[in-house]
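Here are a few exercises to work through with the model open beside you. Try each task before reading its solution.

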Amino acid sequence: MPTLLVFYHFFHPDDVVSARLYSDFAEEQRLRGWDVTVVTSNRSCHDVRVSLPSVEVWRGMEVRRQFRPPWPQSRALPRLGNSAFLLAGWTWQALRLPPMDAIVIGSDPAFAALLSLPLRAQRPATPIVHWCFDLYPQAIEAEGLRVARSLAPVAHGLMKAAYRRCDVLVDIGTTMRARLATYGSPARQETLTPWALAESIVPTPVDPVVRRSLFGDAQLGLLYAGTMGRAHDFEPMLALARACRARAGRRIAFCFACRGNRAAELRAAVEPADDNVTFADFASEADLAARLAAADVHLVSLRREWAGIVVPSKFFASLAMGRPVVYAGPAESEIASWGRSLGVGMHLGAAADVEPVAARLVELAACPAALRRWQEQARAAYFSQFSRKIVNDRWDVLLRETVAARALSAR
């Protein structure tokens with residue numbers, strides 16, 4: 001049974017999306033025949049006061065949790081302190097672990113790929129794969145933080161050295177791949193996207209009570225569900241809501257069910273006249289499928305400076321539910337490209353796009369059959385391209401090929 005060592009900041013039982021994805025990934029690879037060990041942190045993502053057990057067995061996998069201080073992730077310097085603490089601790093943990101056939105390093109905490117430097121020295125024959133959800137230091141630079149300007153030259157040099165120690169760099173979209181390619185690493189590059197946390201082979205029926213609570217009696221409901229953070233832009237979506245209000249009154253409704261650094265800013269930007277815009281609490285995982293199914297179309301957002309640094313996971317959740325998207329963000333991003341090539345999205349890339357998109361939404365509100373066809377196309381695209389099974393099958397193949405290639409080069 002081949003052995004796999006996975007490093008990521010947050011893991012089960014955290015409900016943050018990336019923790020759920022890495023938990024799914026570890027479990028899926030175990031089901032495909034890998035003996036998986038996970039090294040993570042002892043802190044909960046949403047409440048740093050919570051300290052999780054240092055060692056446990058979860059679904060047949062050993063989970064080892066490294067202590068780190070209860071410093072908040074919301075501020076740059078404590079976030080970097082958490083990274084330094086975890087990378088030092090993980091390096092020490094790795095010394096005490098048995099040989100492994102493959103290692104996967106995530107991109108949280110910030111600069112997590114630097115772990116490849118000591119791991120390559122400790123385990124020169126073990127293939128190292130970096131699965132990148134967020135690019136650093138680009139993410140800090142995109143935040144516009146002063147610390148980024150002082151750290152950037154050194155940070156880029158360190159990340160270049162780290163990427164050169166990896167056997168494979170796995171990105172989650174073509175724009176991110178292009179950014180990684182600028183480092184000139186000889187590592188193999190692959191694109192393996194996240195999947196939706198809520199998948200169902202049978203379409204989830206619309207709960208009329210949930211729908212009414214979000215959209216009232218509107219003919220067409222658009223939902224933003226997820227984090228509203230530094231990487232997200234709500235202004236184009238509010239502009240679209242106002243354009244729809246001018247054309248169709250409250251027959252087209254927008255609901256924001258979000259949390260994050262910009263959630264309060266969004267609420268403050270909504271005016272009394274925006275009576276087709278409502279808010280809802282963040283849904284629990286148990287209620288997530290019903291919440292997502294209640295909308296006709298989903299909203300996805302990305303600020304221009306974040307293109308290729310992160311990829312909004314809401315896109316995959318929307319398609320899995322059979323819901324196309326209205327994407328507010330740069331045209332060069334992966335979401336815009338998939339929306340065009342798969343026919344599953346409309347794009348708000350500039351102010352001039354607002355009125356054409358609003359006009360199309362008015363047409364869809366008046367034609368349920370056209371909306372249904374568009375939803376079916378979104379669902380088909382997800383299960384042919386992005387499903388949990390498809391992506392994890394590809395991961396299994398990639399890991400086995402990488403192990404075999406390393407063994408061959410060592411002969």
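**Exercises on a predicted model**

Please keep in mind that this is a predicted model.

**Exercise 1.** Find the residue that stands opposite H298 in strand 13, then trace how the chain gets from strand 12 to strand 13.

*Solution.* Start at H298: its partner in strand 13 is V325. Next, follow the chain out of strand 12; it passes through helix 11 (residues 314-320) before entering strand 13, and this β-α-β crossover is right-handed. Finally, look at the pairing itself: strand 12 and strand 13 (residues 325-328) run parallel and are joined by four bridges.

**Exercise 2.** Which strand is joined to strand 12 by two bridges, and which residue stands opposite H298 there?

*Solution.* The strand is strand 9 (residues 220-227), and it runs parallel to strand 12. Within this pairing, L223 stands opposite H298.

**Exercise 3.** Decide whether each face of strand 12 is covered or open.

*Solution.* Begin with the total: five of the five residues in strand 12 (residues 297-301) are buried, that is, under 20% relative accessible area. Now split them by side. V297, L299 and S301 lie on one face, H298 and V300 on the other, and both faces are covered.

**Exercise 4.** Which residues have the most contacts inside the largest nonpolar core, and what does W395 touch?

*Solution.* This core has 102 residues, and F7, W131 and W395 have the most contacts inside it. Leaving out residues up to four places away in sequence, W395 touches F25, Q29, V104, V129, W131, V170 and L192. Apart from this core lies another, of 35 residues, including Y224, F254, C258 and A365.

Conventions: Residues are numbered from 1 along each chain as its sequence is written. This is a predicted model: local features need pLDDT of at least 70, side-chain atom pairs count only at pLDDT 80 or more; totals for chains, interfaces and linings use all residues. Side-chain values use heavy atoms; hydrogens and water are left out. Buried means under 20% relative accessible area, exposed over 50%, partly exposed in between (1.4 Å probe, protein chains only). Two strands pair if DSSP finds at least two bridges between them. A crossover is right-handed if, with the strands pointing away from the viewer, the path from the first strand over the helix to the second runs clockwise. A nonpolar core is a set of buried Ala, Val, Leu, Ile, Met, Phe, Trp, Tyr and Cys residues joined through side-chain atoms within 4.5 Å. Contact means heavy atoms within 4.5 Å.
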